[in-house]
Each structure stands twice: as C-alpha cells, then as structure tokens.
Amino acid sequence: MRYIIIGAGAVGGTVGGRLAQAGREVVLVARGRHLAELAAHGLRLRVPEEELTYRLSAVDGPGPLGGLRPDDVLVLAVKTQDTVSALGAWADAPVAGGGTAAERLPLVCLQNGVESGRLALRRFRRVYGVCVWLPSAFEEPGVVSAAGSPLTGILHLGRLPHGTDDTARRIAADLADARFEAPVVPDVARWQYAKLLANLSNAIEALTGTRDTEPAQALYARVRAEGAAVLAAAGIGYTSAEEERAARDGKVTLVPLDGGPRGGGSSWQSLARGTGTIEADYLNGEIVLLGRLHDVPTPLNELLQRLADRFARERRAAGSLPLADLIRLADEAATPTD
C-alpha cells in the first residue's frame, strides 16, 4: 500500500516519516513554505534516538500524482477546520482502473475530535477513525518532532461508524512496524470520545500556557465534568480511565529533544504559529453542540471555545492570558444570572 499523508504537519509528518523508515511508500501533501522545504530538502523528523531525513514525494494535491492507485490509502491529518476543503480536493480524484477516491479508496481520519469522521462519511464510502495518542510538534517548515519512546504513539484504529476489516488490520500492521501500537477495535468511537474529554484542556493550555498546575487541573476538572454530563445525556459511551491506563501506561514516555522548541499541544501550537485558526470549535465546541441538542448547560466549554477562537482570529500569543484571569472568567460564566 502507498500512504498519502494529507496534511504532513506534526502528526501527519511523524506518521509519514515513521512509515517511510519502516520501508513503506509515502507521499506527503503540504502547502506553502512547508511544501517547498519538503520538496527541496526532504522531511526532517526529530525523534529521541536520532534525527532522520526522508526524501519523499511532496505535492500540494492530487493533480501532480497523475491519478491515484488502487492500493493507495489516504490519511487525513489536517486540523478538523480544514477537513471540508481537503475532502473536496481529494474525493473526486480519479483512480487507475476507474472510479474516484471517494468510491474506491480507504480514508483514515488521523485527527482529534469526532467531527471529521462524520464529514468524511458524507463523501467517502470507506472511512476509518483513529484515536490519536501521539505527542508531536511542527518545529519549522520541513521539520517535525516526536518525543515519545519506546513507542512513538498509540493509534487505536477502526471502521466508522463501527467495525473492523482486513484493510484496518493491514494498516495497523504497517503502523506496528513503524514504532506505533495500533490496536484494531470495533468501537473506535468509544476511544475517540474519551480522547475528546481529555482534549477539552487543550484550550486552557493554549490560552494560559499551562494545564499541569493544580489550579489549571481544577479548572479542567470542571470543564470535563460538563463534557461527561453532556455525553451521558446523549447516551454516548467512552472508554474508562482504567481502560486507557491499561492501553497506554509505560508505552510512550516523553524524552526531551535537544534544541527543540518549547512544547505544547496541538491547540497551543496553532496559536504559537499564528495560523489564524484553532480546533476548539470541534473539541470544546463539540460539547457545546451536544449540550444544546440535549438541553445540558455548558458555560465553561462555551467560554473556552469563544476565547480560543478570538485568540486565533486576532493572532494573540499562545499562553498570554493569565490563568487567574481565565479562572475568574470561568467563575463568572458558571454563575447563574436572573
């Protein structure tokens, strides 16, 4: 199989680089300066054991490939806010032997949240979801890093809306050869919803620069409680903390990389890079949506979504909101008004 990584940033670049290291054929899809660096100098992947460089095909869309192959696997690794445009670019791409990518090829959603899979199922017949547990960073155009060891990450994989098949098992086997653990599960959405609850803290970190201090953890507990209440009202199940610990403990340990930038999660990185967008609409915003559908108040997630969107739109610096100010705003948002 040939893997076409649509969005070769932190997560996509790491997976693409590790697959290339394992001898799999990989095409990277990027844009702007990142694409130019990939084309000119290759992908530089910084990992605990060494720095690797891979000279891989790098394109900005399906056109330069001159048609897709029947053995291609499309791996969607853009942020959720870019999913619709990516699906539009690739769905109608012709496949050798007839048909289009949407009709014939598997699409793997290597993304946070749950919305991208739903969007993909509107266009593609064969969609696979992944619960992404992969600490990684986009350092600069052409360079990504992943600090996990001994495994680079854990990627639970399954068909959407549910089920497994031989394609999922073949992809998982390739990922296993590439320093990932990739359990194939029939209920990948359960893992994704549990990760969604964890990702509700992304906005706290992006806004204030921290989520590990005691006050930040206390705020996150309140935000997560809203999320849990919403999922309960919606009848949506998710994996327990015990299941997650059993699946992950001791497998991915962060190793500081010499010369690496200050670390932060995906939302923090969006603000730090000044991209102008952030995925809070599909993390905290997913809880807000479900809350409105099921009549459950979600004032704290609404606050985080609104602030994160504003910071991204105004290109305000990551971590520039004092945590004490955010806690004060959260207290005000949670106080009922007459």
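**Salt bridges, two sheets and a helix**

Let's start at R190, which is partly exposed at a relative accessible area of 27%. Buried here means under 20% relative accessible area, exposed means over 50%, and partly exposed is anything in between, with a 1.4 Å probe and protein chains only. One caveat: this is a predicted model, so local features need pLDDT of at least 70 and side-chain atom pairs count only at pLDDT 80 or more, while totals for chains, interfaces and linings use all residues. Residues are numbered from 1 along each chain as its sequence is written, and side-chain values use heavy atoms, with hydrogens and water left out.

Back to R190: its side chain meets that of E243 in a salt bridge, 3.0 Å from N to O. E243 sits in helix α10 and R190 in helix α7 (residues 188–199), so the pair ties together parts that are 53 residues apart in sequence. Helices are DSSP runs of H or I, at least four residues, and strands are runs of E, at least two, both numbered from the N terminus. To count as a salt bridge, a side-chain nitrogen of Lys or Arg must lie within 4 Å of a carboxyl oxygen of Asp or Glu. E243 is partly exposed too, at a relative accessible area of 29%.

Next door, E244 also lies in α10, which covers residues 241–248. Is E244 buried or exposed? E244 counts as buried, because its relative accessibility is 18%. Setting aside neighbours within four places in sequence, E244 is in contact (heavy atoms within 4.5 Å) with W191, A194, K195 and T239.

How many salt bridges does a search of the whole structure turn up? There are 25. One of them joins D177 to R24, with the closest N and O atoms 2.6 Å apart. D177 belongs to helix α6 (residues 166–177) and R24 to the loop between α1 and β2 (25–29), so this pair links parts that are 153 residues apart in sequence. R24 is partly exposed, at 22% relative accessibility. R316 and E314 form another salt bridge, at 3.9 Å from N to O; R316 is partly exposed at 32%, and E314 is partly exposed with a relative accessible area of 45%. Elsewhere, R44, R46, E51 and E139 are joined into one network by salt bridges that share partners.

Now for α1, which spans residues 10–21. The expected span of a helix is 1.5 Å times one less than its number of residues, so the 12 residues of α1 should cover 16 Å, and the C-alpha atoms at its ends are indeed 16 Å apart. The helix is largely enclosed by the rest of the structure, because 10 of its 12 residues are buried. Among them are G12, G13, G16 and G17, along with R18. After α1 comes G23, with a positive phi near 90°.

A10 is worth a stop of its own. A10 is buried because its relative accessibility is 16%. Its contacts, not counting residues up to four places away in sequence, are S136, A137, F138, V144 and Q269. The C-alpha atom of A10 is 9.6 Å from that of L45, which is 35 residues away along the chain.

Several of those contacts lead to an open sheet of 4 strands, ordered β4-β3-β10-β9 with mixed pairing. Its edge strands are β4 (50–54) and β9 (136–140), each pairing on one side only, and the twist averages 25° from one strand to the next. Strands pair if DSSP finds at least two bridges between them; β9 and β10 (residues 143–146) run antiparallel, joined by 4 bridges. In β10, V144 is the bridge partner of F138.

The other open sheet has 8 strands in the order β5-β2-β1-β6-β7-β8-β12-β13, again with mixed pairing. β5 (57–59) and β13 (180–181) are at the edges with a single partner strand each, so one side of each has no neighbour in the sheet. β12 (residues 153–159) pairs with β13 in the parallel sense over 2 bridges, and I154 stands opposite E181 in β13.

α1 lies across β1 (2–6), β2, β8 (126–133), β12 and β13, running at about 160° to β2. Helix α3 (residues 83–90) packs on the sheet as well, touching β1, β2, β6 (72–76) and β7 (106–109), with its direction at about 160° to that of β6. For these angles, axes are lines fitted to C-alpha atoms, for helices over the stretch in contact, and values run from 0 to 180 degrees between N-to-C directions.
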